[in-house]
Amino acid sequence: MASAAEQLAANLNLGVFAKATELKKRIWFTLAALIVYRLGTWIPVPGIDPHVLAEVFERSGGGILGMFDMFAGGALQRMTVFALNIMPYISASIIMQLMTTVVPSLEAMKKEGESGRKKINQYTRYATVLIAAVQAYGIAVGLESMTGRGGAAVFDPGMFFRFTTVVTLVGGTMFLMWLGEQITARGVGNGTSLIIFAGIVANLPRAIASTLEMGRTGALSAVVILILIVMAIGIVALIVYVERAQRRIIVQYPKRQVGNKVYGGEASHLPLKLNTSGVIPPIFASSILLMPITAAGFASGNGPEWLGYVTALLGRGQPLYLALYLAFIVFFAFFYTAVVFNPVDTADNLKKHGGFIPGIRPGKNTADYLDFVLTRLTVIGAAYLAGLSILPEILISRFSVPFYFGGTSLLIVVTVTMDTVAQVQSHLLAHQYEGLIKKAKLRGRRG
């Protein structure tokens with residue numbers, strides 16, 4: 001009986017999906033945009049020798065550069081037009097969000113609503129161009145210093161090569177920023193997250209194949225591979241469990257009489273996620289670490305002595321790298337939670353609508369209570385994110401398996417998948433309600 005009911009529900013959902021033309025257009029647009037992105041990750045920057053570049057990257061591609069290449073979907077290793085990926089835009093977003101909490105004029109602009117948000121977005125784009133230009137110039141200089149067994153990585157070094165590289169890489173980043181905004185507006189899901197998601201997923205098969213090849217050649221034992229598989233499955237299960245976990249605060253609304261009718265009196269709840277910041281802290285932390293180290297990683301061995309020393313300290317699994325990564329994750333977990341949820345504004349809204357938390361006075365006491373609960377939830381969420389990101393990094397550095405089996409990559413893949421599926425379901429639900437409203441109107445006219 002239950003299976004028949006489930007089958008009927010599935011058929012109804014399929015029927016709704018077949019009629020949801022708007023949703024199908026959004027899905028096709030999202031897929032087309034991601035295909036364009038993947039094609040761009042194979043278009044190389046002009047004037048470089050890809051064989052020498054691959055040799056150099058294989059020799060020094062661990063640590064932060066390896067993680068950057070994971071986010072870029074392999075575009076950095078191939079040095080394509082999307083080598084910087086969307087990381088400069090993320091870095092610019094971090095800077096602007098930090099400044100809106102520090103600079104009063106930007107804070108006032110943020111409270112202006114849609115017009116203020118557009119101005120802040122415009123400033124974010126300007127900052128993206130500046131950060132991308134600095135990183136692109138550092139990469140261009142680093143490329144000129146690269147040499148391998150086949151010779152130099154750049155065919156004709158000089159100012160013209162640097163100029164074309166900067167223009168190409170900045171143009172690629174700005175195109176990805178625009179593409180992400182288009183996916184968010186006209187597709188399904190968050191465009192920026194989906195671009196990073198597509199880069200990770202596209203290289204997962206190669207990562208699995210390389211791990212199995214390491215097992216075949218004896219570089220990894222069968223026991224280690226089995227442990228990695230179990231660890232990956234356990235991490236995915238933990239991510240799903242924690243991302244769905246909520247602390248529900250009961251909110252009571254008083255009864256009020258309007259004429260002969262009594263309204264209100266019902267109890268609702270205010271859901272607070274255990275991990276309010278989501279996947280943002282690991283991405284922000286990686287982006288911050290990548291900003292000063294990108295050029296240093298390329299120039300390692302050819303630049304100043306201190307540059308090589310810093311690069312070695314920030315290598316995969318090194319104590320300084322792990323400490324900074326951990327500190328940034330914890331900081332951004334608290335910072336981003338404070339940005340997306342304001343206890344004072346929530347308490348004011350509850351007070352305006354007559355809502356209150358049982359046993360807590362409205363106003364300041366409610367705000368303090370919400371802040372108390374949210375702080376403790378964020379401690380657990382930050383510890384979860386830190387453990388998820390750091391422990392696999394230690395295992396990866398010890399056994400030299402690909403980054404794609406790390407907690408950060410799995411967190412991004414699982415979280416983005418869950419968010420995208422939730423958006424698809426909300427579109428389907430909205431379409432279903434729309435159809436019911438139309439039917440009700442038709443019946444009303446006939447009656």
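Which residues in H2 meet which residues in H10?

## The packing of H2 against H10

In this predicted model, the H2 side of the contact is made by Thr 30, Leu 34, Tyr 37 and Arg 38, which meet Leu 194, Ile 195, Ala 198, Gly 199, Ala 202 and Asn 203 in H10. Sorted by character, the residues of this contact divide into 6 nonpolar, 3 polar and 1 charged.

Helix H2 covers residues 21-40 and helix H10 covers residues 191-217, and the two pack at an angle of about 65° with their axes 10 Å apart. Their crossing is right-handed. Helix H2 also holds Glu 22, which counts as partly exposed because its relative accessibility is 48%. The C-alpha atom of Glu 22 is separated by 9.7 Å from that of Leu 428, although the two residues are 406 residues apart along the chain.

## The chain as a whole and its confidence

The protein chain contains 17 helices and 6 strands, and of its 447 residues 45% count as buried. Among contacts between residues at least 6 apart in sequence, 75% join residues at least 24 apart.

The mean pLDDT of the chain is 79, with 78% of the residues reaching 70 or more. Confidence is highest in helix H9 (residues 159-186), at a mean of 92, and lowest in helix H1 (residues 2-19), where the mean is 48. Over residues 1-9 the pLDDT stays under 50, and for this stretch the model has 0 contacts beyond four places in sequence. Where pLDDT is low, the predicted coordinates should not be read in detail.

## Two positive phi values in the loop between H5 and H6

Most residues other than glycine have a negative phi. Met 79 has a phi near 50°, a positive value in a residue other than glycine, and Asn 85 likewise has a positive phi, of about 55°, although it is not a glycine. Met 79 lies in the loop between helix H5 (75-78) and helix H6 (87-102), and Asn 85 lies in the loop between H5 and H6 as well.

Are these two residues buried or exposed? Met 79 counts as buried because its relative accessibility is 0%, and Asn 85 is also buried, with a relative accessible area of 0%.

## Gln 97 and Met 109

Gln 97 lies in helix H6 and is partly exposed, since its relative accessible area is 22%. Not counting residues up to four places away in sequence, Gln 97 touches three aromatic-named partners given here in full, Phe 284, Phe 335 and Tyr 336. Its C-alpha atom is separated by 9.5 Å from that of Glu 107, which is 10 residues apart from Gln 97 along the chain.

Met 109 is found in helix H7, which spans residues 104-110, and is buried, with a relative accessible area of 12%. Leaving out residues up to four places away in sequence, Met 109 touches Gly 116, Arg 117, Lys 119, Ile 120 and Tyr 123. One of these residues, Lys 119, is 10 residues apart from Met 109 along the chain, and the C-alpha atoms of the pair are separated by 7.8 Å.

## Leu 374 in H16 and Thr 415 in H17

Leu 374 lies in helix H16 (residues 364-399) and is buried, its relative accessible area being 6%. When its neighbours within four places in sequence are left aside, Leu 374 is in contact with Leu 272, Thr 276, Thr 337 and Phe 341. The C-alpha atoms of Leu 374 and Pro 343 are separated by 8.6 Å, and these residues are 31 residues apart along the chain.

Thr 415 is found in helix H17 (residues 407-446). With 5% relative accessibility, Thr 415 counts as buried. What does the side chain of Thr 415 reach at 2.6 Å? The partner is the backbone oxygen of Leu 411. Apart from its neighbours within four places in sequence, Thr 415 is in contact with Ile 239, Glu 243 and Val 279.

Terms used:
Residues are numbered from 1 along each chain as its sequence is written. This is a predicted model: local features need pLDDT of at least 70, side-chain atom pairs count only at pLDDT 80 or more; totals for chains, interfaces and linings use all residues. Side-chain values use heavy atoms; hydrogens and water are left out. Helices (H or I, at least four residues) and strands (E, at least two) are DSSP runs, numbered from the N terminus. Buried means under 20% relative accessible area, exposed over 50%, partly exposed in between (1.4 Å probe, protein chains only). A polar contact is a pair of N or O atoms within 3.5 Å; within protein, one must be able to donate a hydrogen and the other to accept it, and residues adjacent in sequence count only if both atoms are side-chain atoms. Contact means heavy atoms within 4.5 Å. Axes are lines fitted to C-alpha atoms, for helices over the stretch in contact, and angles run from 0 to 180 degrees between N-to-C directions. A crossing is left-handed if the near helix is turned anticlockwise from the far one by less than a right angle, and right-handed if clockwise. Ala, Val, Leu, Ile, Met, Phe, Trp, Tyr, Cys and Pro count as nonpolar, Asp, Glu, Lys and Arg as charged, and the others, Gly among them, as polar. pLDDT is the predictor's confidence in each residue, from 0 to 100.
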